[in-house]
Amino acid sequence: MKKIFLVLFTIMVASLTNDVKAQTLPNPYTGTWEHQNRNQKFILSIWIDSNNIMLGHYKMITVDSNGQQTGTVYNSKKEVHNSGIDWPHAVYFGDMSNGYTQPFSGPITDNTVNNQRGFIKGLFVFTPNYPLGSTAQWEVKKAQGVREPNEPDFNIPNNIMLTKVSNSINLD
């Protein structure tokens, strides 16, 4: 009888532990975030790679009055110069192994600018609002230090409110 009780108790504890793990695994930040200004829509796609690193790409599209895409202004998911290799990411949120700190900040690459190198580096801040996973403040700024002469401004919008529209991403 004791053995049956111990087996049932062990199964119940294992089941509860798995339920708790399943509830804590989803990340409210991964997915698609958008900001629309008239007929332009900025889209930020966030995912976690196999090494538990949260990364992102962004793009700016044009839309018609029904919200349907009519063109692409720029997309950070593109080829690095003429190498045949795409940029692996343009936004680096960091290692998520120890949980999700807020706000997120880190390096960002604007590879959509027209300059000699084909990109400029900066810093972003992504500040989630409550309830988590619904909206976030997005800010981008240039890092301090030496810059290339006549370095352009970012194409990426700065100081906007992003709204999460999907848990999935589309990098096309």
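The following paragraphs lead through a predicted model, beginning with a strand and its neighbours and then turning to aromatic rings and charged side chains.

A convenient place to begin is strand β7, which covers residues 120–128. In a regular strand the side chains alternate between the two faces of the sheet. Strand β7 can be read with this in mind: I120, G122, F124, F126 and P128 make up its covered face, while K121, L123, V125 and T127 make up its uncovered face.

Which strands does β7 pair with? On one side, β6 and β7 run antiparallel and are joined by 7 bridges. On the other, β7 and β8 also run antiparallel, here with 6 bridges between them. V125 illustrates both pairings: its bridge partner in one is S105, and in the other V125 stands opposite E139 of β8. The connection from β7 to β8 is a hairpin with 6 residues between the two strands. Within that turn, G133 has a positive phi of about 85 degrees.

G133 also leads to another part of the chain, since it is one of the residues that P28 touches. P28 is located in the loop between α1 (2–24) and β1. Leaving aside residues up to four places away in sequence, the contacts of P28 are W33, L132, G133 and K164. One of these partners shows how folding can be read from two distances: P28 and L132 are 104 residues apart in sequence, yet their C-alpha atoms are 6.4 Å apart in space. P28 has a relative accessible area of 26% and therefore counts as partly exposed, since that class begins where the buried one, under 20%, ends.

W33, another contact of P28, opens the subject of aromatic rings. The whole structure contains 12 aromatic pairs. In one of them, W33 and F126 meet edge-to-face, with 5.1 Å from centre to centre and 85 degrees between the planes. Because W33 belongs to strand β1 (residues 31–37) and F126 to strand β7, this pair ties together parts that are 93 residues apart in sequence. Are these two residues buried or exposed? Both W33 and F126 are buried.

F126 takes part in a second pair, with F93. The ring centres of F93 and F126 are 5.7 Å apart and the planes stand at 85 degrees, so this pair is edge-to-face. It links distant parts of the chain, with F93 in strand β5 (residues 91–95) and F126 in strand β7, 33 residues apart. The relative accessibility of F93 is 7%, so F93 counts as buried; for F126 the value is 0%. W33, F93 and F126 are among the members of one aromatic cluster, which also includes Y29, F42, Y58, Y74, F104, F124 and W138.

The charged side chains come next. Side chains of opposite charge can pair when their charged atoms come close. In this model the count of salt bridges is 6. Which residues form salt bridges with E151? One partner is R117, at 4.0 Å from N to O. That pair joins distant parts of the chain: E151 is in the loop between β8 (135–141) and β9 (160–166), R117 is in the loop between β6 (104–110) and β7, and 34 residues separate them. K142 is another partner of E151, with an N to O distance of 3.3 Å, and R147 also meets E151, at 3.6 Å. Together with E148, the residues R117, K142, R147 and E151 are linked in a network of salt bridges.

How accessible are the members of this network? E151 has a relative accessibility of 17% and so counts as buried. Its partners R117, at 37%, K142, at 21%, and R147, at 41%, count as partly exposed. R117 has a further role in the picture, for its charged end sits over the ring of F119, 4.7 Å from the ring centre. R117 thus appears both in a salt bridge with E151 and over an aromatic ring.

Note on methods: Residues numbered from 1 in each chain as written. Predicted model: local features only at pLDDT ≥ 70, side-chain atom pairs only at ≥ 80, totals over all residues. Heavy atoms only, no water. Salt bridge = Lys/Arg side-chain N within 4 Å of Asp/Glu carboxyl O. Helix = DSSP H or I, 4+ residues; strand = E, 2+ residues; numbered from the N terminus. Buried < 20%, exposed > 50% of the residue type's maximum accessible area, 1.4 Å probe, protein only. Phe/Tyr/Trp six-rings, centres within 6.5 Å; stacked < 30°, edge-to-face > 60°. Lys NZ or Arg CZ within 6 Å of the ring centre and 35° of its normal. Contact = heavy atoms within 4.5 Å. Pairing = 2+ DSSP bridges.
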